[in-house]
Amino acid sequence: MNLKVDETIGHIRDVISDRDKKRGILIHTFQKVQHEMNYLPEESLKMISEKLDIPMSEVYSTASFYKQFYFTPRGDKIVKVCTGTACHVRGAKDVLTQLEDEFNVKEGETTEDLSMTLETVGCIGCCGLAPVATVNEDIVGEIDMKKMEAIIESIKK
Ligand code: FES
């Protein structure tokens with residue numbers, strides 16, 4: 001029985017190539033850097049390339065393959081306005097416009113002081129609470145004037 005397990009593990013080792021291992025290490029490293037810095041600065045990519053002895057082109061192409069990694073600074077607060085159908089019908093555009101006007105940014109942009117990045121997102125599964133937005137990990141539903149003020153206040157803190 002143990003012999004079979006050893007054989008299987010040996011086979012898995014063969015299947016996982018060095019390339020796969022390096023890719024796994026790369027992604028883990030990107031996640032750590034982004035957790036610390038909020039994005040992947042160019043210098044960090046160069047450093048990763050040198051330390052792991054992986055060509056810069058491969059480091060960059062791996063990072064850019066995944067949507068979760070960013071190459072420009074992001075805001076302390078990531079605000080995502082849901083623009084799914086239910087939220088659209090119940091005023092998502094107004095929510096987005098108010099935030100754009102208040103912070104002088106457009107969708108996809110980050111404020112100069114890095115306090116906020118404004119994005120849109122498809123349905124996040126809380127359609128009954130439309131219109132909905134997320135502020136980092138928090139979901140804010142049934143956004144009215146009062147809740148919009150609270151969102152704005154939390155970003156300005
Ligand atoms: S459409 Fe916005 S939560 Fe579903």
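The exercises below work through charged residues and backbone geometry in a predicted model. Local features need pLDDT of at least 70, side-chain atom pairs count only at pLDDT 80 or more, and totals for chains, interfaces and linings use all residues. Residues are numbered from 1 along each chain as its sequence is written, and side-chain values use heavy atoms, with hydrogens and water left out.

**Exercise 1.** Find the salt bridges of the whole structure, and state where the partners lie.

*Solution.* Take as a salt bridge a side-chain nitrogen of Lys or Arg within 4 Å of a carboxyl oxygen of Asp or Glu; the search of the whole structure then finds two. In one, the side chains of Glu-119 and Arg-74 meet at 2.5 Å, N to O. This pair links distant parts of the chain, 45 residues apart, with Glu-119 in strand β2 and Arg-74 in the loop between α4 (56-65) and β1 (77-82), where helices (H or I, at least four residues) and strands (E, at least two) are DSSP runs numbered from the N terminus. In the other, the closest N and O atoms of Lys-156 and Glu-102 are 2.6 Å apart. That pair also links distant parts of the chain, Lys-156 in helix α7 and Glu-102 in helix α6, 54 residues apart.

**Exercise 2.** Decide whether the salt-bridge partners Glu-119 and Arg-74 are buried or exposed, and do likewise for Lys-156 and Glu-102.

*Solution.* Apply the cut-offs on relative accessible area: buried is under 20%, exposed over 50%, and partly exposed in between (1.4 Å probe, protein chains only). Glu-119 and Arg-74 are both buried. Lys-156, at 49% relative accessibility, counts as partly exposed, and Glu-102 is likewise partly exposed, at 39%.

**Exercise 3.** Examine the surroundings of Glu-100 and identify the nearest side chain of opposite charge.

*Solution.* Begin with the location, which is helix α6 (residues 92-103). Glu-100 is buried yet has no salt bridge, and the nearest side chain of opposite charge is Lys-106, 4.2 Å away. Next list the contacts (heavy atoms within 4.5 Å): leaving aside neighbours within four places in sequence, Glu-100 touches Val-105, Lys-106, Glu-107 and Leu-118.

**Exercise 4.** Which residues other than glycine have a positive phi, among them Asn-104 and Glu-142, and where do these two lie?

*Solution.* Asn-104 has a positive phi of about 55°, lies in the loop between α6 and β2, and is exposed, with a relative accessible area of 71%. For Glu-142, phi is near 45°; this residue lies in the loop between β4 (138-140) and α7 (145-156), and is partly exposed at 44%.

Notes. Lys, Arg positive; Asp, Glu negative; His and termini not counted.
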